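Student: I'd like to learn how to read this model feature by feature. Could we start with charged side chains and work outwards from there?

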Amino acid sequence: MFPKDFVWGVASSAYQVEGTDAKDGRGKNIWDEFARSGRVYEHQTAEVCCDHMHRYREDFALMRMLGIKNYRFSISWSRILPEGTGKVNEKAVQMYRDMILCMKENGIRPFITLFHWEFPYELFKKGGWLNDEVVQWFGEYAKVVAENFSDLCSDFITINEPQCAIGLGHLNGVHAPGMKYSIPETFQMAHNLMKAHGQAVINLRKYAKQKIRVGYAPTCGVAYPATESADDIAAAKKVYFGFENPMDNWTWNVAWFSDPVFLGEYPKEGLEKFADYLPEITEEDMQLTHQPLDFVGQNIYNGYMIRCGADGDPEYVDRAPGTAKTGTGWPVTPEALYYGIRFLTERYRLPLYITENGMSDLDNISADGQVHDRERITFLDAYLGAVQRAINEGMPVIGYFLWTFLDNFEWAEGYKERFGLVYVDYTTQRRIAKDSAYWYREVMRMNGENLSCNQPYKQILFMEPVFTHNIWGGTKLREEYGYSIEGDDIGECWGIAAHPNGTCTIADGAYKGKKLSDLWEEHRELFGNTQGKVFPLLIKIIDAKADLSIQVHPDDTYAAEHENGSLGKMECWYILDCEPDSKLVIGHNAKTHEELEDMVHNGRWSELIREVPVKKGDFIQIDPGTVHAIKGGITILETQQNSDITYRVYDYDRLSNGKPRQLHIQQSLDVIKVPAAPLSECMIKTGEEEANKLQKLIECKYYQVFHMKVEGQAEFEQEYPFLIVSVVEGNGLLNHTSVKKGDHFILPYGYGKVEMEGNLEFVASTVSTK
């Protein structure tokens, strides 16, 4: 859950939504000229745009209906000051005051951004950001804003995305004003911009009519670690605040545009790298830039993966083939939001707003007249989950502004991109709230409770198995189950395991890369808050190419006393495959303990062991104290207590690495039950079972085990603390996700209805309810 006072909102900018009016007195800005020159997609302009300047009452009423209580918007500098300085446009002042009052009438808190790229064209002709006077120009504008709006608004942001304003507009020329200045000139512009920010902060506070809060909203892609190892995290953080980019793209970094503002100095690494290009930087400049701020704002959309290389230096990691992308082609990387928050709050030590985050989608009006943008919901759910994680770990995230409310003019891309929660038909100006708008309304109303990260039972937990090599192992686990494991002695696949000798890793989803043992400790809610120090069960597929040793397991009491507090071991076997006339060792023939000792000490193995014929599909329960062995040519799925305590009674005098394997004669004699349990108590279930029905094979003290054959379509309810599933034949779909032979996964607590389709067979298990 998010904090009770968390600020949920949406964001926009003036030029992207307002439109124009020949009678409003607005001055021209650099984007007007850029669009007039035909450099926007399909020669589009923002002359009408969303016509928000005439429809804001309708739009704010719609915001209220959609539960939006906080709105970050920008004021157009050239609308307020048509020449950039001097005479104030009173019509614009009145319009913005009326807009803010209308917001408040609808229960919406305003957050004003002073500069969102709409630089006055008259000042651009005087040199724009390259002219040192821009510091005073922007300061004058801030004064006008404070004098006219600070009685109605207490939250201000000076500059939005300075990296883009300088880099895209003046270094690369793909945004307005569309110029390509020299590298030294762009460094002078950036320096002037940050000084202008400082002067704006001074004037906002000086002329404000009430106590105000002021911040700054830069951007940048986030370097996030390939794993959660300390080395990878350190490598990612180094790159995030570093200067890896070539000089023709130098503006795309964090530290150069944020350290002076928040820390009062340029980063040393940047000063050294950029020394040949820098303007004169004085102590007075830095004092002006470094004004006290109340919060960090950061716009974050995506990131890139970094790991620590073998030589200790950071390495860039390619995105996996098929990585999800948005409508703009940007990668979907929710990890970027978590690590961006983490790295920024660690460095700058201020409360943080995510001032922009969202995605462009390929939105269309469906036949029912609605816009079903499921991809945006999926995107936002994942990214907000990353914010939730940051909050859970104590990071001071105080708000989130979704970009954006209305589909709008997306700068050089015109109307090609749709980022909005609300669809805008630009020919009729009709607004249609998308599915994501209603979803986000519920997120805000429930304060994030309905996010997937707060409902962990919605995800299937697929496992990366652990494998063992054994003297009696074979190759079936690779050849028949498709596991990528080398060797001709692969004995066991630990499909679901959280044991010190081997713990599975979550293969994908929100918990990708986590060990099952860690998930058990950190997210017990996934397992119905089942009690116990360790994950209770261990699931194996065993391929016996040769006979396993004759063995026995202790119960909990004996193991606790003699095996350092370990659990004992109860297990059961489902026969997956076997050769004709196969047999298992299940139990023994000794009538008394004295006879048992005599048979063991004198090697009377053929008299001792009880061999039982078995076939595919048989199910056998092995209680502690039961002598048992899997014979060669048999493959089983084993469900057992989470223990690896096994006592060998006899191993056919085999050698391993030239030596006999260790036997445990005394421990075996201590725990073998005499007389052995009747065979009828061990052979629990055999024969064919009804298709498309989840059938219980056994429920004992430690586990319940089920079997199901799916032929066509089937469904059942996951109503257990958790349900382990191992697919042992075939393939199909489980709630739209493909599953196949060899897959092992957990359906968490509260997962609900399970719909299956295909031709497959699985064995499932959970803890006992007895």
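Tutor: Happy to. A salt bridge here is a side-chain nitrogen of Lys or Arg within 4 Å of a carboxyl oxygen of Asp or Glu. Lys569 and Glu571 make one, with N and O 3.8 Å apart. Before we go on, a word on the ground rules: this is a predicted model, so local features need pLDDT of at least 70 and side-chain atom pairs count only at pLDDT 80 or more, while totals for chains, interfaces and linings use all residues. Residues are numbered from 1 along each chain as its sequence is written, and side-chain values use heavy atoms, with hydrogens and water left out.

Student: Are Lys569 and Glu571 buried or exposed?

Tutor: The scale first: buried means under 20% relative accessible area, exposed over 50%, and partly exposed in between, using a 1.4 Å probe and protein chains only. Lys569 is buried at 3%, and Glu571 is buried at 2%.

Student: How many salt bridges does a search of the whole structure find?

Tutor: It finds 48. One of them pairs Asp259 with Arg347, the closest N and O atoms being 2.7 Å apart. This pair links distant parts of the chain, 88 residues apart: Asp259 sits in helix α11 (residues 255–262) and Arg347 in helix α14 (residues 335–348). As for the labels, helices (H or I, at least four residues) and strands (E, at least two) are DSSP runs numbered from the N terminus. Asp259 is buried, with a relative accessible area of 3%, whereas Arg347 is partly exposed at 28%.

Student: Which residues of helix α16 meet in a salt bridge?

Tutor: Arg445 and Glu442 do, at 2.7 Å from N to O. They are three residues apart in α16 (residues 435–445), so about one helical turn separates them. Arg445 is exposed, at 58% relative accessible area, and Glu442 is partly exposed at 27%.

Student: And which residues are linked in a network of salt bridges?

Tutor: Asp363, Asp373, Arg376, Asp407, Arg418 and Lys434 are.

Student: Let's stay with α16. Which of its residues are buried?

Tutor: Ser436, Ala437, Trp439, Tyr440, Val443 and Met444. To see how they are arranged, take the directions from the helix axis to the C-beta atoms and ask what arc they span. Here the arc is only 160°, which puts these residues on the same side of α16. For packing, contact means heavy atoms within 4.5 Å. The buried residues of α16 pack against β1 (7–11), α15 (374–392), β11 (397–403) and β13. After the helix comes Asn447, whose phi is positive, near 55°.

Student: β13 came up there. What does Arg431 do in that strand?

Tutor: Arg431 lies in β13 (residues 430–433) and is buried, at 12% relative accessibility. Now for its polar contacts, meaning pairs of N or O atoms within 3.5 Å; within protein, one must be able to donate a hydrogen and the other to accept it, and residues adjacent in sequence count only if both atoms are side-chain atoms. The Arg431 side chain makes one with the side chain of Asp59 at 2.9 Å and another with the side chain of Gln429 at 2.8 Å. Leaving aside neighbours within four places in sequence, the contacts of Arg431 include Cys50, His52, Glu58, Leu406 and Tyr423.

Student: How do I read the strands as a sheet?

Tutor: Strands of a sheet pair through backbone hydrogen bonds, either parallel or antiparallel. In practice, two strands pair if DSSP finds at least two bridges between them. Here eight strands close into a barrel with parallel pairing, in the order β1-β2-β3-β4-β5-β7-β10-β11.

Student: Can we walk along part of the barrel?

Tutor: Sure. Two bridges join β1 to β2 (residues 70–74), and Ala11 stands opposite Arg72 in β2. Five bridges then join β2 to β3, where Phe111 is the bridge partner of Arg72. Strand β3 (residues 109–115) is mostly covered, with six of its seven residues buried. Three bridges lead from β3 to β4 (residues 155–160), and Phe115 stands opposite Ile159 in β4.

Student: Last one: how many helices and strands are there in the protein chain?

Tutor: There are 23 helices and 37 strands. Of the chain's 770 residues, 59% count as buried.
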